[in-house]
Amino acid sequence: MCGIFGMIGQNAVKTTLDSLRYLEYRGYDSAGIAVKRKEGLEWTKCMGRISELQKKAQGMAESDIAIGHTRWATHGRVCEQNAHPFVSEDGAFAIVHNGILENYLELKKELPNVHFSSQTDSETVAHMLSAVYRGDVLEAVLAVAKKLQGSFAIAIMSVYDNKLYAVKNKSPLVVGVSRNGTYLCSDVGCASRQAEQVALAEDNTVAVLSDKGVRFFDFDGQERRAKFFVAEQSAELQTEEGDVMLKEIFEIPQKIRASRQGYLQSGGLRLSDEEARRLKRIYLVGCGTAYNSGSQVACVARNFLDIDILPVIASEFIYDNYPVGEDTLAFLISQSGETADTLRAAEKIRHSGGITYAVTNNACGSLGFLCDYVSNVCAGAEFAVASTKAYNCQLVTLTLLLADIAVSRKTLSVQVRKDILCGLEEVAVASEQLLTDVYPLVRLAEELKKCSAVFYIGRLSDYPTACEGSLKLKEISYIHSEAYPAGELKHGTLALMEEGVAVIALATDEAMAGKIAYSVTEVVSRGARVISVGHAFPEAENIPLPKVHPYLADIISVIPLQLLAYYTAKSLSRDVDKPRNLAKSVTVE
Ligand code: F6R
C-alpha cells in the first residue's frame, strides 16, 4: 500500500510532511522524507506515525524539492532500515515506492557489489538508477522502468538536476500543477489540496516534474499526453479532538440524504432501458466492506430482478472463470476507488466485453476512470480505517441502481421505486433516532470486550449485515469474530458455543424471526449469550430497530453493529482509527 508525495515549490518540507499526514490512511507503520540541497540529498526516516517524522524532521531546513513516504510493510518487517526513502550508495538517487516489485530478487542479482541496507524490494530501484546512470537522468529512469515488474508508483530525485521523476504501473499516481509548484501523489484528494489541476498517470508512464510543469513519457521515451482536470476539493483532516470513526458514524443520516440526492442529481442509472433489458447477469464485485454491501444489496434485489445477481469477492473474480459477455453488467464497488483487487477485476470484465460500472466514494479515482460508468456514493471523505458511512451510502446507491434496472426491465413498478426513494428519508430519520441514545450499546460493549469470541448470525439480507458487523468488530477490537447464515450453525459451528461466547442475532425480517428463534435457543442452551438486533427473543437482550421499508432495513440495522464495534474497541483501549496491520486503501493484490 503506502502513500507517496513529492513536490517542487516553496516550503517543500513543510508541505510534504503535511501531505503525508493526509496520506497516512494508506499505511502508518513508518515514514520518511528526502530533500534536495546544493550540497546533495538529505533524508530522515523513522518508525511510527507521521507525527514522529514531524518531530524528527523539526531541524530540517526548508527546500524547494522533496519526496516523502508513509509505509504499510509488505517486504521486510517494520523498522527504520526498511522505511523509505532509499538512497543509492553514491548518494546520487533517492526514491520512495508504493507497490510491489515482483522481480526484485532477480534485479538484485544484477547488482552483486551493492550493499543493501534493507529487506525491501524498493531499495533495488535506487541502486539500479545509480548503476545505469550515464549522464542523463531521464534515460536512466527509462532504462530502470523497463526492467521493473509488478505494481509501482515510484518517486525519484537525484543530485544531477532539479527535477522529480515518477514511474507508474498499476499503483495510483496523480500529478498536479499550480502557480506555486508541481506535485506527485498517491491520491487525488491529497494532490488537489495543493494543485489547481491534476492528471492521473496511465500505466507504464514516466512523469517528469520541473518548476516549469510536467511532461509524460511512455517507457520507450515517446512523449504522452495526459488529461488535466480540476478535482473537487477534498475534506480536510479532522483536527478537533475525538475519534474520526465515531464522527463518521454520526455523519450517517446526513450522508444517506446526500447519497440519495447525489444519485438523483447525477441522473441516476446510466444504462438505457434497452441496455438494461439486454442484461443476463449482474455481478457485484468488491472487497471487505464493499463486498459486504454488494452481497447485501444482491439479496434485496433478488426480490425484484429477474436475472442472475451474484456478489463476488474481487480477488477471487480475477482468477475464477465467471462467465462474462456483452450481456453482463458488473458493479465494481470501492470506497477508495483505488483497491488493486477491484481494479484488476474491472480490467478483466472490460477485457471480456462486459459493462463495468463503478460505485465509489471517489469518482476521480482509478476505478472511476477505468469503468464505463460511475456513480458517486457521496459519503464524503472517509478517513477512519474502518469503513462505516461509506457502507451505508453504498447500500443506498446500489439499491437505487438495481431498482432502476428493474424498472427498465418492468419487474418493479414505478410506484415501488418511488416508495424506495421516499423510504430513504425515513431511513435517514431512523438512523438519527438510532444515534440519539447510544448508552445501551456502550453498556453492551463493556460485556462484549470480555468475550473470547463473538459470532454474528442472520438469514437472507441479514447475513451480509452480520458479516459487516463481524468485520468491524474484529478489525478494530481484535476479538475473534465470525459471521454465519443462522441455519449453518448446526452444521459445525455450534461446537464452539459455550460460556464466554456472544452471539449477535440479526432479525430485521419478521417472516424469518421464527427461524432465527431456533438458532437463539440452540446457542443459549449451550451457554452463549445472545444479543438480538430487530426482533426481540425472550432469551436475548434486544437492540430494537425503527421500522422502515423492508428493502432498506439493512441500511439502519448495521448502525448498532458499527457502534458496538467502536465502543468495544474503545473499552479495550484500541487505536480505533488506525488498527494494527491494516490500511485504508489496499493498493496491492
Ligand atoms: C473494512 C474496510 C475494508 C475495505 C476494503 C475495500 O472496514 O475498510 O474491508 O472495505 O479494503 O476497500 P475499498 O472500498 O476502498 O475498495
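How far does a polar side-chain atom of Lys472 lie from an oxygen atom of the ligand? In this predicted model, the separation between the Lys472 atom and the ligand oxygen is 2.9 Å. Two other side chains make contacts of this kind. Ser336 places a polar side-chain atom 2.6 Å from an oxygen atom of the ligand, and for Thr339 the distance from a side-chain N or O atom to a ligand oxygen is 2.4 Å. The ligand taken alone would expose 410 Å², and 90% of that is buried by the protein.

The shell around the ligand can be described by its position in the fold and by its chemistry. Helix H10 (288–301) and helix H17 (462–477) are the elements that give two or more residues to this shell. Of the 15 residues around the ligand, those that come nearest are Ser334, Gln335, Ser336, Thr339 and Glu475. Sorted by class, the shell holds six nonpolar, seven polar and two charged residues.

Away from the ligand, aromatic side chains offer another way through the structure, which holds 15 aromatic pairs. One of them joins Phe5 and Tyr183, whose ring centres are 6.4 Å apart. The planes of the Phe5 and Tyr183 rings meet at 45 degrees, so the pair counts as tilted; the stacked class needs planes under 30 degrees apart and the edge-to-face class over 60. Phe5 belongs to strand E1 (residues 3–9) and Tyr183 to strand E10 (residues 181–185), so the pair ties together parts that are 178 residues apart in sequence. Both Phe5 and Tyr183 are buried. Elsewhere, Phe93, Tyr133 and Tyr160 make up one aromatic cluster.

Some rings also have a charged group over them. The charged end of Arg580 sits over the ring of Tyr478, at 3.9 Å from the ring centre. Lys578 has its charged end over the ring of Tyr28, 6.0 Å from the centre of that ring.

A last stop is Asn169, in strand E8 (residues 164–169). Is Asn169 buried or exposed? Its relative accessible area is 11%, and the cut-off for a buried residue is under 20%, so Asn169 is buried. The side chain of Asn169 has a polar partner in the backbone: one of its polar atoms lies 3.1 Å from the backbone oxygen of Gly150.

Methods: Residues numbered from 1 in each chain as written. Predicted model: local features only at pLDDT ≥ 70, side-chain atom pairs only at ≥ 80, totals over all residues. Heavy atoms only, no water. Phe/Tyr/Trp six-rings, centres within 6.5 Å; stacked < 30°, edge-to-face > 60°. Helix = DSSP H or I, 4+ residues; strand = E, 2+ residues; numbered from the N terminus. Buried < 20%, exposed > 50% of the residue type's maximum accessible area, 1.4 Å probe, protein only. Lys NZ or Arg CZ within 6 Å of the ring centre and 35° of its normal. Near = heavy atom within 4 Å. Polar contact = N/O pair within 3.5 Å; in protein donor to acceptor, adjacent residues only side chain to side chain. Areas by Shrake-Rupley, 256 points an atom, 1.4 Å probe, with all protein chains shown as cover. Nonpolar A, V, L, I, M, F, W, Y, C, P; charged D, E, K, R; others polar.
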